[in-house]
Amino acid sequence: MCCETDISLIADESVILQQIFEIMIKSHIKGIGHYVPDHIVTNDDLAKVMNTNDEWITERTGIKERRHRENRNDSEITTAYLGMKASERAIADAGLTAQDIDYIVFATLSPDYFFPGCGVQLQHMLGCGTIGALDVRNQCSGFVYAMSVADAFIKTGLYKNILVVGAEIHSFGLDMSDRGRGVSVIFGDGAGAVVLSATEDENAGDILAVNMHSEGQYAEELCTKFPGTKYGWSDRLLREPDAVTADEIYPYMNGNFVFKHAVTRFPETIKEALDKAGKTAEDLDLFIPHQANLRIAQFVQKQLGLSDDQVFNNIQKYGNTTAASIPIALSEAIEQGRLKRGDLLCMSTFGSGFTWGSVLLEY
Ligand code: COA
């Protein structure tokens with residue numbers, strides 16, 4: 001009898017604590033920044049090295065140009081380096097210094113090393129203290145997954161200022177021959193970063209809803225197979241270097257299959273986020289889809305009945321920068337006055353894994 005009473009008291013207490021956290025601590029975007037390499041690669045530039053053309057790329061993807069690091073084999077302009085440049089801007093925008101950051105979440109599919117991840121690189125490059133640094137491996141959904149981690153850490157009171165980064169260097173690993181044209185024309189380099197901070201200010205914005213999903217049975221519909229424990233690693237490369245095929249070392253994408261899943265999952269995840277927060281698509285001031293393909297974004301816009309003013313796309317300039325695409329777009333949307341404090345924003349994604357999800361927030 002005595003024990004039963006104790007357990008119910010503990011249960012009540014945890015519910016109350018949860019409610020206190022939810023009421024008092026908000027996850028607020030305090031600063032944002034992005035950085036892309038200067039080197040612009042147009043569709044016509046690509047047509048000089050592979051059998052493609054501006055018309056095909058524009059019609060199917062909306063992309064007109066993307067950024068690549070100048071030297072394909074540069075060992076200094078790395079993913080962590082791009083992440084650092086974006087982070088410096090985000091930290092300055094937040095009015096903070098690197099010493100104020102107490103945790104890093106770094107999303108990328110193109111890390112500097114096979115291991116360790118880019119988070120620790122960034123901790124060192126920025127000169128932060130010996131703070132924790134986590135890498136998120138969720139490809140195009142990396143930034144949404146990373147924001148959800150940061151939001152949870154802030155809402156539970158664990159950290160106050162979390163640097164959430166999405167960065168990629170794709171250009172070093174794309175097949176620039178005719179064989180790779182279905183993939184290589186789509187992807188670009190870049191980085192975006194957000195400082196997500198804890199606040200109790202009743203006027204500050206907050207993350208209102210988050211959802212994440214996955215379907216791992218489709219892993220090989222969009223993936224790079226090598227190196228890994230399934231298709232081989234250094235041992236295989238040393239033993240039989242000639243047997244490692246282009247199909248394994250370059251990214252593979254079943255474009256049509258990805259497209260069909262994306263146009264189903266995008267509306268689902270957006271609706272799930274809106275429903276959870278008691279909002280509708282009409283309430284949205286801005287929707288930022290992961291910049292996968294302009295045709296996907298336009299399809300989703302139509303499905304949700306959103307006006308052009310409610311949607312932000314910049315894939316035309318950067319291509320698909322996977323984990324970096326949403327924070328780059330968010331940063332540009334704010335720069336251009338498309339998103340203001342107090343506005344309702346939904347950021348949604350779909351990508352390799354398959355993974356998909358949304359973050360709905362008041363900016
Ligand atoms: N330039 C010119 N022709 C190209 C080409 C290129 N860069 N890439 C492929 N082609 C050719 C193909 O070889 C094929 O030729 P064929 O008919 O003679 O065999 C033809 O164009 C059609 O190819 P297909 O792959 O069926 O084109 P598509 O209409 O499916 O468009 C994508 C390809 C990749 C643009 C499209 O499938 C897509 O956007 N999918 C979603 C991708 C995505 O969003 N990925 C990111 C997820 S996070």
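Guide: Welcome! Helices here are DSSP runs of H or I with at least four residues, strands are E runs with at least two, and both are numbered from the N terminus. The model is predicted. In that numbering, Gln139 sits in the loop between strand E5 (132-136) and helix H6 (142-155).

Visitor: What makes the phi of Gln139 stand out?

Guide: Most residues other than glycine have a negative phi. Gln139 is not a glycine, yet its phi is positive, at about 50 degrees.

Visitor: How do you know that the peptide bond from Phe115 to Pro116 is cis?

Guide: Its omega is near 0 degrees. Pro116 lies in the loop between strand E4 (103-107) and H5. A cis bond also joins Phe226 and Pro227, with omega about 0 degrees, and Pro227 is in the loop between strand E9 (222-223) and helix H8 (234-239).

Visitor: At what angle do the axes of H4 and H5 cross, and why is the pair called oblique?

Guide: The axes of H4 (residues 79-93) and H5 (residues 118-126) come within 9 Å and cross at roughly 55 degrees. That value is neither under 35 nor in the 65 to 115 range nor over 145, so H4 is oblique to H5. Their crossing is right-handed.

Visitor: What makes the ligand's approach to Asn293 a polar contact?

Guide: The cut-off is a pair of N or O atoms within 3.5 Å. A ligand oxygen atom is 2.3 Å from an N or O atom in the side chain of Asn293, so the pair qualifies. Similarly, a ligand oxygen is 2.9 Å from an N or O atom in the side chain of Arg181.

Methods:
Residues numbered from 1 in each chain as written. Predicted model: local features only at pLDDT ≥ 70, side-chain atom pairs only at ≥ 80, totals over all residues. Heavy atoms only, no water. Axes fitted to C-alpha atoms, helices over the stretch in contact; angles between N-to-C directions. Left-handed = near helix turned anticlockwise from the far one by under 90°. Polar contact = N/O pair within 3.5 Å; in protein donor to acceptor, adjacent residues only side chain to side chain.
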